[in-house]
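I opened my notebook to record what I could look up in one protein chain, going from the whole to single residues. The sequence and structure come before my entries.

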Amino acid sequence: MSRIGNNPIAIPEGTTVEIHENIISVKGKLGDLSQEFSGVAIKVEDNQVWVTRPSDSKEHKAKHGLYRSLIFNMIEGVSKGWTKELELVGVGYRATNQGQKLDLALGFSHNIVFDITPEVKVETTAEKGKNPTIKLTSHDKQLIGQIAAKIRAFRKPEPYKGKGIKFVGEQLRRKAGKSA
């Protein structure tokens, strides 16, 4: 059984947490986020956030850990920020960006142009001898994960040669091809 929900969340300097009825809002140097909650009680004491559940029912136990993790991610995001890096593996695969427009050449007959929301900063690098990388940074962990998953879905890594878009550090399960 997980004990994550029982741990307090420390609030760093320059970050404020406010609770209004069933909405918690977090403000920091990188932005502000808010989240609705139900089935748990949240209180702020001594620069710490405590999440408690009213009973040991299955629903309350599930929401206890969930909301504790969501609040931790919000506080971490507005104080430090989140980054995701994607790597393009394949001959001729390229990525460039013009502001918030990401232009991907992934071996299709046409380039894919993907508009990225203004809350997420995009940065592309292409060094000779290395695979092109896309770096996404934002204060919202859910949004950055969703955008990274959409970009990865354009060309998922295939198991034989490993070509496609993968997260940096991701381990791919490779298959042996036909034996001659």
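The entries below go from the overall chain to its cores and then to two residues.

**Entry 1, the whole chain.** I noted at the start that this is a predicted model, and I kept that in mind for each entry. I looked up the secondary structure and found 2 helices and 13 strands in the protein chain. The radius of gyration is 21 Å, well over the 16 Å that the globule rule gives for 180 residues, so the chain is more spread out than a compact globule. I then looked up the extent of the C-alpha trace, which spans about 60 × 40 × 25 Å along its principal axes.

**Entry 2, burial and surface.** Of the 180 residues, 35% count as buried. The accessible surface comes to about 11,300 Å², and carbon and sulfur atoms account for 50% of that surface. I also looked up contacts between residues at least 6 apart in sequence, and 51% of these join residues at least 24 apart.

**Entry 3, the cores.** Which residues have the most contacts inside the largest nonpolar core? I found L104, I116, I134, L136 and I151, in a core of 21 residues. At least two residues each come from strand 7 (82-89), strand 9 (101-105), strand 10 (112-115), strand 12 (133-138) and helix 2 (141-153). Helix 2 gives the largest share, 5 residues. I followed I151 further and, leaving aside residues up to four places away in sequence, I listed its contacts as L86, L102, L104, F114, I116, I134, L136 and I165. There is also a second, separate core of 17 residues, with V17, L70, M74 and I75 among them.

**Entry 4, K166.** Is K166 buried or exposed? This lysine, which lies in strand 13 (residues 164-167), has a relative accessible area of 14%, so I wrote it down as buried, since buried means under 20%. Beyond residues up to four places away in sequence, K166 touches E85, L86, E87, V89, R152, P157 and L172. I also checked K166 against K141, 25 residues apart along the chain, and their C-alpha atoms are separated by 18 Å.

**Entry 5, T124.** I looked last at T124, which is found in strand 11 (residues 121-125). Its side chain is joined to that of N97 by a polar contact of 2.9 Å. N97 also appears in the list of residues that T124 touches, together with A95, T96, L102, T133 and I134, when residues up to four places away in sequence are not counted.

Key: Residues numbered from 1 in each chain as written. Predicted model: local features only at pLDDT ≥ 70, side-chain atom pairs only at ≥ 80, totals over all residues. Heavy atoms only, no water. Core = buried A, V, L, I, M, F, W, Y, C linked by side-chain atoms within 4.5 Å. Buried < 20%, exposed > 50% of the residue type's maximum accessible area, 1.4 Å probe, protein only. Helix = DSSP H or I, 4+ residues; strand = E, 2+ residues; numbered from the N terminus. Contact = heavy atoms within 4.5 Å. Polar contact = N/O pair within 3.5 Å; in protein donor to acceptor, adjacent residues only side chain to side chain. Rg over C-alpha atoms; globule rule 2.2 N^0.38 Å. Areas by Shrake-Rupley, 256 points an atom, 1.4 Å probe, with all protein chains shown as cover.
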